[in-house]
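Could you walk me through this structure, one selection at a time? I have it open in my viewer and would like to know what to click on next and what I will find there.

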Amino acid sequence: MTVLDLLGDAPPESPSEVPPVVELRGVTRQFPGDPPVHALHPADLRVGAGEYLSVVGPSGSGKSTLLNLLGLLDRPSDGEYLLDGIPTAHAGERERAALRAGHIGFVFQAFHLLPHRSVLENVLLATIYSGVPRAERRDRAVAALERVGLSHRLDFPPTVLSGGERQRTAVARAVVSQPRVLLADEPTGNLDSESSEAVLELFDELHAGGLTLLVITHEDDVSARAQRRVRIADGHLREIA
Ligand SMILES: Nc1ncnc2c1ncn2[C@@H]1O[C@H](COP(=O)(O)OP(=O)(O)OP(=O)(O)O)[C@@H](O)[C@H]1O
Ligand SMILES: [Mg+2]
């Protein structure tokens, strides 16, 4: 059975069979060099459905390295990463792309919106690759933008929006396909305190709605919003009690 077969499957019947959404087993990442950089030392992590987890650590500690692995944008040097119980480390690029599109929503510090598309188009485009039926795409995109308070900005280009509005557009894009997990890398890094608060309130609401969230940050007050916290220092992951 391939990853593509598994994507459409119904969830297992017994709750005890439900695997974590995210599971790292001894995952490492080294970058070649002289000497090589050990950006992630063997990491074990299990994140269950509906958890809101933050990973906090200083610059250069390995946060983006970890997020790139979790987002299937990079491969571990060693170890296994299971997403919804599906092994990914040795999956082919096509399978990994399908998993990424169907299972993961991304929010980045720098928004990464398409400047020449409208707010609505930016969100609509995300539905195309993730299996949302064509007839539902527009309604879903409009609903996602309503949810983040941007119904009045559907036809605007992202370039005229405030930073907070851009990040809320990015959150709508990340959740429109109903991913299994939302991965955010410094989501408030480019925002003033008021816009940061609006994005964090949105995360609280998404968590309350049952979404699994993993937020990477170097800010303690952002990290404190999560229900569970992990610290990363020099590539070592450690749970915060
Ligand atoms: N492609 C690469 N090649 C070599 N070294 C790398 C590469 N990517 C990251 N590193 C190194 O790995 C370590 C972790 O980098 P990473 O980008 O994960 O840090 P970070 O915690 O996200 O930092 P920041 O808060 O500044 O974004 C750093 O020492 C970095 O220099
Ligand atoms: Mg980083």
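Start with ligand 1 and select helix α2, which gives the most to the shell around this ligand, with three residues. Keep in mind throughout that you are looking at a predicted model.

**Stop 1: around ligand 1**

Now select the whole set of residues around ligand 1: F31, V37, A39, P58, S59, G60, S61, G62, K63, S64 and T65. Which of them should you zoom in on? Try K63, where a polar side-chain atom lies 2.7 Å from an oxygen atom of ligand 1. Then move to T65, which has an N or O atom in its side chain 2.6 Å from an oxygen atom of the ligand. At G62 look at the backbone instead: one of its N or O atoms lies 3.1 Å from an oxygen atom of ligand 1. Taken alone, ligand 1 exposes 640 Å², and the protein buries 57% of that. Two elements give two or more residues to the shell, namely β2 (37–47) and α2 (63–70).

**Stop 2: F31**

Stay here and pick F31, one of the residues around ligand 1. F31 belongs to strand β1, residues 22–31. Is F31 buried, partly exposed or exposed? With a relative accessible area of 30%, F31 is partly exposed. Leaving out residues up to four places away in sequence, F31 touches P36, V37, A39 and T65. If your viewer has a distance tool, try the C-alpha atoms of F31 and L237: they are 206 residues apart along the chain and separated by 18 Å.

**Stop 3: the loop after β1**

Follow the chain to P35, in the loop between β1 and β2. Here the peptide bond from D34 to P35 is cis, with omega near 0°. That is worth a look because most peptide bonds are trans.

**Stop 4: P19 and D84**

Next, select P19, in the loop between α1 (3–7) and β1. P19 is partly exposed, with a relative accessible area of 27%. What does P19 touch, leaving aside its neighbours within four places in sequence? The answer is D84 and G85. The C-alpha atoms of P19 and L83 are 8.7 Å apart, although these positions lie 64 residues apart along the chain.

Click on D84 itself, in the loop between β4 (78–83) and β5 (86–87). D84 has a positive phi of about 55° although it is not a glycine.

**Stop 5: helix α3 and R96**

Move on to helix α3, residues 93–103, and find R96 there. R96 is buried, with a relative accessible area of just 2%. The R96 side chain reaches the backbone oxygen of D74 at 3.2 Å. Beyond residues up to four places away in sequence, R96 touches L72, L73, D74, R75, T88 and A91.

Now colour R96, L99 and H103, which are buried in α3. They lie on the same side of α3, because they cover an arc of only 60° around the axis. This fits a general pattern: an α-helix has 3.6 residues a turn, so residues three or four places apart point the same way.

**Stop 6: helix α4**

Select α4, residues 119–128, and highlight its buried residues V119, L120, N122, V123 and T127. Their arc around the axis is only 165°, which puts them on the same side of α4. What do the buried residues of α4 pack against? Show α5 (134–147) and α6 (163–175) to see their partners.

**Stop 7: S177 and Q178**

From α6, go to S177 in the loop between α6 and β7 (181–185). S177 counts as buried because its relative accessibility is 14%, and buried means under 20%. A polar contact of 2.7 Å joins the side chains of S177 and S130. Among the residues in contact with S177 are also A126, T127, V132 and R140.

Q178 lies in the loop between α6 and β7. At 58% relative accessibility, Q178 counts as exposed. Q178 has a positive phi of about 50° although it is not a glycine.

**Last stop: zoom out**

Finally, select residues 22–240, which the UniProt annotation "domain: ABC transporter" covers, according to an unreviewed entry. Over these residues the chain is 35% helix and 28% strand, and the end C-alpha atoms are 18 Å apart.

Note on methods: Residues numbered from 1 in each chain as written. Chains lettered and ligands numbered in written order. Predicted model: local features only at pLDDT ≥ 70, side-chain atom pairs only at ≥ 80, totals over all residues. Heavy atoms only, no water. Buried < 20%, exposed > 50% of the residue type's maximum accessible area, 1.4 Å probe, protein only. Helix = DSSP H or I, 4+ residues; strand = E, 2+ residues; numbered from the N terminus. Arc of directions from axis to C-beta. Contact = heavy atoms within 4.5 Å. UniProt positions renumbered as here; feature names shortened; annotations may be inferred. Near = heavy atom within 4 Å. Polar contact = N/O pair within 3.5 Å; in protein donor to acceptor, adjacent residues only side chain to side chain. Areas by Shrake-Rupley, 256 points an atom, 1.4 Å probe, with all protein chains shown as cover.
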